[in-house]
Structure formats: structure tokens, C-alpha cells
Amino acid sequence: MMQYPIQVQKKMSLGMKLHRPPKRRIKHGGVMYTEDYIESLRKALTAVSGNWHCEVISQVELVTVSENATFKAVYQDGKTLILRVNRANYHTLQELKSEIEWVSALYKDNAVSTPVIMSNYQGEKIYPITVHSEGEEKQLWVTAFEFCKGSEPSISDDLSPWFEKLGELTARLHLHTRTWVEPQGFVRKKWDQQTMVGPEGYWGDWRKADG
């Protein structure tokens with residue numbers, strides 16, 4: 001039976017704390033991440049891992065499930081990448097391309113130190129994979145990122161200095177949006193009361209959530 005790594009995280013009201021995920025399933029944004037589904041994602045990523053690095057893949061392991069499923073790919077020469085599999089039927093391909101353009105601009109303009117988005121050998125930054133789940137075939141989109149070492153703060157730490165850094169980063173983002181010119185075709189989801197907590201919200205009706 002597949003064992004999930006401890007890095008799967010659950011947000012807490014006063015910080016972040018590591019939790020072991022349920023052994024059977026993780027439901028997020030209306031998608032049921034069962035063991036079989038996550039294993040199918042892992043196998044699909046292993047099969048296409050040569051698109052970003054020519055070395056033989058050593059392992060692909062789950063890091064976290066949030067809006068997306070995020071995996072760490074380690075190659076036999078030690079190269080490590082982060083592979084993000086976008087949630088099915090959520091973002092359009094154009095929305096994902098727009099996100100990459102914005103994140104790349106943040107890095108290029110030195111607004112925020114973001115992980116480098118990796119292109120595959122065909123020069124593509126978004127790559128399709130196909131998985132089979134619950135009797136149907138799904139096409140999902142994968143984006144590869146440069147692996148950045150780090151650790152999250154413990155809930156027992158003094159987190160006050162980090163809020164100052166968070167405020168600084170937020171200010172940089174606001175300043176960047178004032179000067180950055182959106183490229184033609186740029187599109188992202190609109191977040192307002194209806195799309196966040198309305199009955200037809202992007203994440204579903206919270207009134208019908210489990211529990």
C-alpha cells in the first residue's frame with residue numbers, strides 16, 4: 001500500500017502544522033484524491049519525467065495536495081524538480097499560461113523571488129498528461145518548477161518577524177501590479193463574494209461541504 005509523506009499539510013488558525021494525511025482519501029475542491037488516483041498521477045509523471053531532464057528518474061513522491069497535487073521528482077544524478085498537476089476541470093489552459101506569464105514577470109522584475117518555471121525540451125512550460133480514474137480518462141496539465149530548499153515555521157516559533165516579511169512581499173506585489181502591463185490574452189479567475197462563498201462558487205457550495 002502506498003505511503004504518503006508527512007509533508008501533506010493542513011492549515012491551522014494560528015500557523016501551519018504538519019499532519020499525516022488520511023490513509024484512504026483526501027477530498028479537495030470537489031476532487032477525491034484516493035490512493036489509486038494519486039498513484040495514477042505518480043505513474044503518469046514518472047512516465048513523462050524525461051521531458052524536463054534526460055537522466056533516469058529515481059523517484060516521484062507526493063509532497064502535498066491543495067488546489068493541485070504537487071510531487072517531487074528526483075533523478076539519479078541528484079537533480080530535483082517540483083511537478084505540479086493542476087486540478088481537473090478547474091483552470092483553463094489559457095488561465096494557466098497567464099499565471100506562468102505573471103509569475104515569470106515577478107521573477108524577472110525582481111518583485112518576488114519565485115521558483116524558476118522549467119521548460120521541457122520542446123520549450124513548453126505546460127505539459128499534458130493523461131490519467132485514468134473511476135472509469136474515465138482525464139487530461140491534466142503539469143508545470144515543472146526548480147526545487148528550492150526550505151522549511152516552514154513551526155507553530156511554536158515566534159512568528160511575528162515573518163508577518164513583517166509577509167507585509168513587505170505583499171507591498172511588492174501591489175507595486176508590481178501598478179506598473180506591469182498584462183500581455184494580450186491574459187485571463188485569470190475573478191474572485192469576489194459570489195465566486196468565493198456563493199452557491200455557485202469555484203470551490204463549490206460551502207453549505208454542502210462534508211462535516
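**Note on a predicted chain: strands, cores and two loop asparagines**

1. H132 sits across from E137, a residue of strand β10. The pair is a good way into this model, which is predicted. H132 itself lies on the uncovered face of strand β9.

2. How do β9 and β10 pair? The two strands, residues 127-133 and 136-146, run antiparallel and share seven bridges. They make a hairpin, with two residues between the strands. One feature of the turn deserves a look: E134 has a positive phi, about 50°.

3. Which residues of β9 are covered? Y127, I129, V131 and S133 form the covered face. P128, T130 and H132 form the uncovered one. For background, side chains in a regular strand alternate between the two faces of the sheet.

4. Now the chain as a whole. Ten strands and four helices make up its elements. Along the sequence they follow the order β-β-β-β-α-β-β-β-α-β-β-β-α-α. The chain has 211 residues, and 37% of them are buried. Take the contacts between residues at least 6 apart in sequence: 54% of these join residues at least 24 apart.

5. The largest nonpolar core holds 27 residues. Inside it, L41, W52, F71 and I129 have the most contacts. Two or more residues come from each of α1 (35-48), β5 (57-65), β6 (69-75), β7, β9 and β10. Helix α1 gives the most, six residues. As a general matter, nonpolar side chains in soluble globular proteins tend to be buried together.

6. L41 shows how this core is knitted. Setting aside residues up to four places away in sequence, L41 touches Y33, A69, F71, V85, V131 and L140. V131 is also on the covered face of β9. A second core, of seven residues, lies apart from the largest one. Its members include I82, L96, I100 and V103.

7. R84 belongs to strand β7, residues 80-85. Is R84 buried or exposed? Its relative accessible area is 11%, under the 20% cut-off, so R84 counts as buried. Its side chain makes a polar contact of 2.8 Å with that of E99. E99 is also on the list of residues that R84 contacts beyond four places in sequence. The others are N68, A69, T70, L96, W141, V142, T143 and F145.

8. K138, in strand β10, is another buried charged residue. What is the nearest side chain of opposite charge to K138? It is E136, 4.8 Å away, and K138 has no salt bridge. Not counting residues up to four places away in sequence, K138 touches Y37, A88, I129, T130, V131 and S133. I129, V131 and S133 are on the covered face of β9, and T130 is on the uncovered face. A reviewer may want to look at this site in the structure.

9. Two asparagines have positive phi values. N89 is at about 60°, although it is not a glycine. It lies in the loop between β7 and α2 (93-108). Its relative accessibility is 82%, over the 50% cut-off, so N89 counts as exposed.

10. For N110, phi is near 60°, again positive in a residue other than glycine. Where is N110 placed? N110 is in the loop between α2 and β8 (117-118). At a relative accessible area of 65%, N110 is exposed.

Definitions and conventions. Residues are numbered from 1 along each chain as its sequence is written. This is a predicted model: local features need pLDDT of at least 70, side-chain atom pairs count only at pLDDT 80 or more; totals for chains, interfaces and linings use all residues. Side-chain values use heavy atoms; hydrogens and water are left out. Buried means under 20% relative accessible area, exposed over 50%, partly exposed in between (1.4 Å probe, protein chains only). A polar contact is a pair of N or O atoms within 3.5 Å; within protein, one must be able to donate a hydrogen and the other to accept it, and residues adjacent in sequence count only if both atoms are side-chain atoms. Contact means heavy atoms within 4.5 Å. Two strands pair if DSSP finds at least two bridges between them. A nonpolar core is a set of buried Ala, Val, Leu, Ile, Met, Phe, Trp, Tyr and Cys residues joined through side-chain atoms within 4.5 Å. Lys and Arg count as positive and Asp and Glu as negative; His and the chain ends are not counted. A salt bridge is a side-chain nitrogen of Lys or Arg within 4 Å of a carboxyl oxygen of Asp or Glu.
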